[in-house]
Amino acid sequence: MRIALLSYRSKTHCGGQGVYVRHLSRGLVELGHDVELFSGQPYPDGLDSRVRLTKVPSLDLYREPDPFRVPRPSEIRDRIDLLELLATWTAGFPEPRTFSMRAARILADRRDEFDVVHDNQCLGPGLLDIVESGLPVVATVHHPITRDRVLDVAAARWWRKPLVRRWYGFAEMQKEVARQIPELLTVSSSSAVDIAEDFGVSAEQLQVVPLGVNTEVFKPAEHRVPGRIIAIASADVPLKGVSHLLHAVARLRVQRDLDVQLVSKLEPNGPTEKLIAELGISDIVHSTSGLTDAELAGLLASAEVACIPSLYEGFSLPAVEAMASGTPIVASRAGALPEVVGPDDLCARLVRPADVDELTAALGGLLDSPHERRRLGAAGRQRALDVFSWESVAAQTVAVYERACARVSQC
């Protein structure tokens, strides 16, 4: 099958969507399919050599080290660039919309080269143009961005709330587009329920295909660092619940030696950095970002406990990677986390989201019990081997492609 995979940003360090396109594309070519990735900036790294990359350049207005930059007039090439610039200047986030428009323009001239188009979380109006052209379209919705919006608006100061609402304006666009895509993929049953409720799509549109993990890279290590807790947050936002972990750490350090590894790109002088300083835990909390898979796997395998204190997760790659690493987990009973880690006390200790007392007790209990850590870690490793693999993810995804193709008699 000839597959056009669309991703408006694909670098692994941008979060789960970069990991998803890299591993899914590799799994698809392993099955013998032809895959071309159409990506906006930042472009992917570590793609399988058999996956072709077509760059779909934008104005790249959020690039490091100069986010929200002012482009030169000569950079404005067409009306899509102008739309992207004006939306950014009025506090919007235009990337999903403008990427979809650019991708639709490219595919209009290459329609006969593909059997199916798979969009990764963009859900821009350009997808509807691709549908209109007769190409089967499948879209992955990892989780409804409306959940992020509610939490971020609630956490914002009163004067920032209108700006946060404006930033999340693209969520309404995604709702409208999702309702018109017959085949939608999501990564958990929990996320499917939330998408159906928030986006107003039918249950028949949604197919659940979980994410996977490379169990040869993420695997247990022989030795672990005493007192080490690791937490991974793809973004420094309230949704990830890092502040609750930090409060728990401040309590735990009174009686224990701790080494807290926070894998996240923290906003300079942002709320998380300020909280670390206010709690007096700068000496035991170490933040890193931009790690390779091997570096992240080594860090996960070196920890005695992995903590996922999120207020909501549509899936949780860090949970699966921790399980594959044989690292016991303390996680919030929120979103898809219970579904991913299995029943309470199988591979993880589950706590009420935002409950610092419960989080502190669960972390302290595991740090004090080597036997329980070994038991939970071994069960997690086995669950990762049994349930989550990218080969299985790719095969299940192809089944959805075939359903989409049959709908329009394309393949």
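Me: How many bridges join β8 to strand β9, and do they run parallel or antiparallel?

Reply: Happy to walk through that one. This is a predicted model, and in it five bridges join β8 to β9 (residues 259–263), with the two strands running parallel. For a concrete pair to look at, find I232, which stands opposite V263 in β9. Between the two strands the chain passes through helix α9 (residues 242–252), making a right-handed β-α-β crossover.

Me: Which other strand pairs with β8?

Reply: Strand β11 (residues 305–308) pairs with β8, also in the parallel sense, over two bridges. Here I230 has A306 as its bridge partner.

Me: Why is β8 said to be largely enclosed by the rest of the structure?

Reply: Buried means under 20% relative accessible area. Four of the five residues of β8 (residues 228–232) are buried, so the strand is largely enclosed.

Me: Is V137 buried or exposed?

Reply: The cut-off helps again: V137 has 4% relative accessibility, so V137 counts as buried. V137 belongs to strand β5 (residues 137–140), and beyond its sequence neighbours it touches V117, L127, I130, V131, I181 and E183.

Me: Which residues have the most contacts inside the largest nonpolar core?

Reply: That core has 54 residues, and L24, L28, M323, I329, V340 and Y401 have the most contacts inside it. Helix α16 (residues 390–408) gives the most to this core, with eight residues. Leaving aside residues up to four places away in sequence, Y401 touches M1, I3, L24, L28, V116, H118 and V138. A second, separate core has 41 residues, including A139, F170, L184 and V201.

How values were computed:
Residues are numbered from 1 along each chain as its sequence is written. This is a predicted model: local features need pLDDT of at least 70, side-chain atom pairs count only at pLDDT 80 or more; totals for chains, interfaces and linings use all residues. Side-chain values use heavy atoms; hydrogens and water are left out. A nonpolar core is a set of buried Ala, Val, Leu, Ile, Met, Phe, Trp, Tyr and Cys residues joined through side-chain atoms within 4.5 Å. Buried means under 20% relative accessible area, exposed over 50%, partly exposed in between (1.4 Å probe, protein chains only). Contact means heavy atoms within 4.5 Å. Two strands pair if DSSP finds at least two bridges between them. A crossover is right-handed if, with the strands pointing away from the viewer, the path from the first strand over the helix to the second runs clockwise.
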